[in-house]
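User: Please take a close look at a single part of this structure and describe it in one connected account. I am in my first year, so please explain each term when it is needed.

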Amino acid sequence: GGGGGGGGGGGADEPPRELHATADATTSATRSERQAVMALAAEPSRSWVCSGTRGGTVRLWDADAGSLLLELPVSAACPEASSCRAVAFAADARLLTLVNRARGAASLLRWEVADGGGSAACEAARVVADKPAVSMSTSAAAGLVGVGTCEGSLVILSRRSLEPLLVEKEVHGLPLTSAAFPPAELLRGAREDAKRLRLLSAVVSCSPDSTMAIVPTRRGGAGWLAVVVALLVALAVALAA
């Protein structure tokens, strides 16, 4: 990708303004970003792309026009923000940004983006972990957000209120680098099957410690815990094989 030189002949301190096509006409790449891009999300219905950088800058792009629409006022909403670790689009033109703070904690911010992408207002912000975060996953069907931390913990929050619903400490021995919720169509198909629904009401996480974990997002008593333990044992055996 391009380093310091962008396309438009602007000064060194100007923010990037364009998405430039690469040799492959089916792809595009941000040029002139002067900080490492750590996060990316797309909103196809509006042709928006959102990028987040190691320096904490979050920008909204028009993918069709190849132009910058907006730089979100992250520093105003979270003055201690030092880096952006993840971005994700939610329903109703909402945008979630996961930022790490200068003192080590992590905050989740939810933005309402105006039609056309010309402005955005932070409508909710919450400290979600006392350690830096490294990953985020969302479930549109369940209305949940999962945040993974550098110490391997998993935090499950309500996407609507940003209230923490579940905190599992040190699920992994190393940073929790990725998590995945079950697809919406699987959840819809399991509504009449209580056992299957319990199995799908979980999030799967992974880590560089070579492990995966299945963490329930609902508490269902001893029977549910037994299912989880059995699944984890089976997974451990499969990984060791």
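Analyst: Helices (H or I, at least four residues) and strands (E, at least two) are DSSP runs, numbered from the N terminus. Two strands pair if DSSP finds at least two bridges between them. The model is predicted, so local features need pLDDT of at least 70 and side-chain atom pairs count only at pLDDT 80 or more, whereas totals for chains, interfaces and linings use all residues. Residues are numbered from 1 along each chain as its sequence is written, and side-chain values use heavy atoms, with hydrogens and water left out.

The chain as a whole contains four helices and 17 strands. Of its 241 residues, 41% count as buried, where buried means under 20% relative accessible area, exposed means over 50%, and partly exposed lies in between (1.4 Å probe, protein chains only). Contact means heavy atoms within 4.5 Å. Among the contacts in the chain with a separation of 6 or more, 42% are between residues 24 or more positions apart.

The part chosen for this account is strand β4, which comprises residues 48-53. This strand is mostly covered, for six of its six residues are buried. The burial applies to both faces: W48, C50 and G52 are buried on one side, and V49, S51 and T53 are buried on the other.

The partners of β4 may be taken in turn. Strand β3 (residues 37-43) runs antiparallel to β4, and six bridges join the two. One of the paired positions is A39, whose bridge partner in β4 is G52. The strands β3 and β4 form a hairpin with four residues between them. In that turn, S47 has a positive phi of about 55°.

Strand β5 (58-62) is also antiparallel to β4, and here five bridges make the connection. The residue S51 has R59 as its bridge partner in β5. The strands β4 and β5 likewise form a hairpin, with four residues between the strands, and G56 takes a positive phi near 95°.

The loop that follows β5 can be related to the turn before β4. A65 is found in the loop between β5 and β6 (67-71). This residue counts as exposed because its relative accessibility is 55%. The C-alpha atoms of A65 and S47 are separated by 9.0 Å, although the two residues are 18 residues apart along the chain.

The account now turns to the ring of W48. Rings of Phe, Tyr and Trp (its six-membered ring) pair if their centres lie within 6.5 Å; planes under 30 degrees apart count as stacked, over 60 as edge-to-face and the rest as tilted. A search of the whole structure finds one aromatic pair. It is formed by W48 and F89, with 6.4 Å from centre to centre and 40° between the planes, and is therefore classed as tilted. This pair links distant parts of the chain, as W48 belongs to β4 and F89 to strand β7 (residues 81-89), 41 residues apart. W48 and F89 are both buried.

A charge sits over a ring if NZ of Lys or CZ of Arg is within 6 Å of the ring centre and within 35 degrees of the ring normal. R46 lies over the face of W48 in this way, at 5.4 Å from the ring centre.

The other end of β4 can be followed to β7 through S83. S83 lies in strand β7, and it counts as buried because its relative accessible area is 12%. Leaving aside neighbours within four places in sequence, S83 is in contact with T53, R54, G55 and G56, and also with L98, V99 and N100. T53 is one of the buried residues of β4, and G56 is the residue with a positive phi near 95° in the hairpin of β4 and β5.

N100, one of the contacts of S83, is found in strand β8 (residues 94-101). It counts as buried because its relative accessibility is 8%. When neighbours within four places in sequence are left aside, the contacts of N100 include E80, A81, S82, S83 and R85. A105, A106, P132 and A133 are also in contact with N100.

In summary, β4 has six of its six residues buried and is joined to β3 by six bridges and to β5 by five. Its residue W48 forms the aromatic pair with F89 of β7, and its residue T53 is in contact with S83.
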